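Let's take a stroll through this protein, starting with its core and then turning to its empty spaces. Keep the 3D view open as you read.

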Amino acid sequence: MQKKNGFPLKRLVFDAVLMAVFFALSRLSVTIYGVKLTFDSLAVVICAMLFGPVDAFLVGFLGEFLSQLLGQYGLTATTLLWVLPPALRGLIVGLAVVLLKKSMSLDTIIHKKRPYVYYIVCIVAAVLTSLGNTAAYYVDSKMFGYYNYALIFGVLGVRILSGILSALLTATAALPILIALQRANLIPTSRQQETNIKEA
């Protein structure tokens, strides 16, 4: 298969599709009193499981950048702060795939039915993402003059709980998608997955 900048073309196509999925799911999100309910991280988790931290970071970063740019906010002084938390999620889950190879492999999670570490990693990533979003919210509110303690920190617990719930649902939804992709031979086997991640 042809390569471009060291990445197989098929892999670049997957990343681009997952960025588009991220963007589409982010458009379906709902924000209630400073708490964003979204499943856009599904694309990031799938990418992290397939290709590791670099690809997942880029999918989260560029997916959220497109969402910010083409959404109601546009390009602002704090855009970078808003795109970092989703990218951080991809980095965390992707690094876990690299560092915890056996526990985070598709074979262990799907076929041996031992997804415990996978769920824990997704929850930790969600909590850190929620904290990152809160920090971005705080800086943005101070810069643009709409700071309100209740809006930023008063709902922090709810924001974290909704992030955990979203992570559980997203992690669960990712599994049948990964199974379907594997059965259709569209994703790498565990050995190919390790090779893809090392190349990144």
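What you're looking at is a predicted model. Start with the largest nonpolar core, which has 34 residues; Ile46, Met49, Leu50, Val59, Met104, Tyr118 and Leu178 are the ones that touch the most other members. Quite a few helices chip in here: α1 (9-27), α2 (41-51), α3 (53-70), α4 (79-99), α6 (106-111), α7 (116-144) and α9 (156-183) give two or more residues each. The top contributor is α2, with 10 residues.

Now for the open space. The largest pocket holds about 790 Å³. Its lining takes in 36 residues, and if you want to find the centre, look for Thr31, Lys36, Glu64, Trp82 and Asn133, the closest ones to it. Two or more lining residues come from each of α1, β3 (30-32), α3, α4, α7 and α9, and the largest share, seven residues, belongs to α7. What sort of residues line the largest pocket? The split is 10 nonpolar, 19 polar and seven charged.

Next, the closed-off space. There's one cavity of 30 Å³ or more, and the largest cavity contains about 40 Å³ of space. Around it sit Ser41, Val45, Arg89, Val93, Cys122, Ala125, Ala167, Thr170 and Ala171. Helices α2, α4, α7 and α9 each supply at least two residues of this lining, with α9 giving the most, three residues. By type, the cavity lining divides into six nonpolar residues, two polar and one charged.

Definitions and conventions:
Residues numbered from 1 in each chain as written. Predicted model: local features only at pLDDT ≥ 70, side-chain atom pairs only at ≥ 80, totals over all residues. Heavy atoms only, no water. Core = buried A, V, L, I, M, F, W, Y, C linked by side-chain atoms within 4.5 Å. Buried < 20%, exposed > 50% of the residue type's maximum accessible area, 1.4 Å probe, protein only. Helix = DSSP H or I, 4+ residues; strand = E, 2+ residues; numbered from the N terminus. 1 Å grid on protein atoms, 1.4 Å probe; cavity = no way out; pocket = protein on both sides within 12 Å on 5 of 7 lines; lining within 4 Å. Points joined across faces, edges and corners; volume = space filled by probe spheres on them. Nonpolar A, V, L, I, M, F, W, Y, C, P; charged D, E, K, R; others polar.
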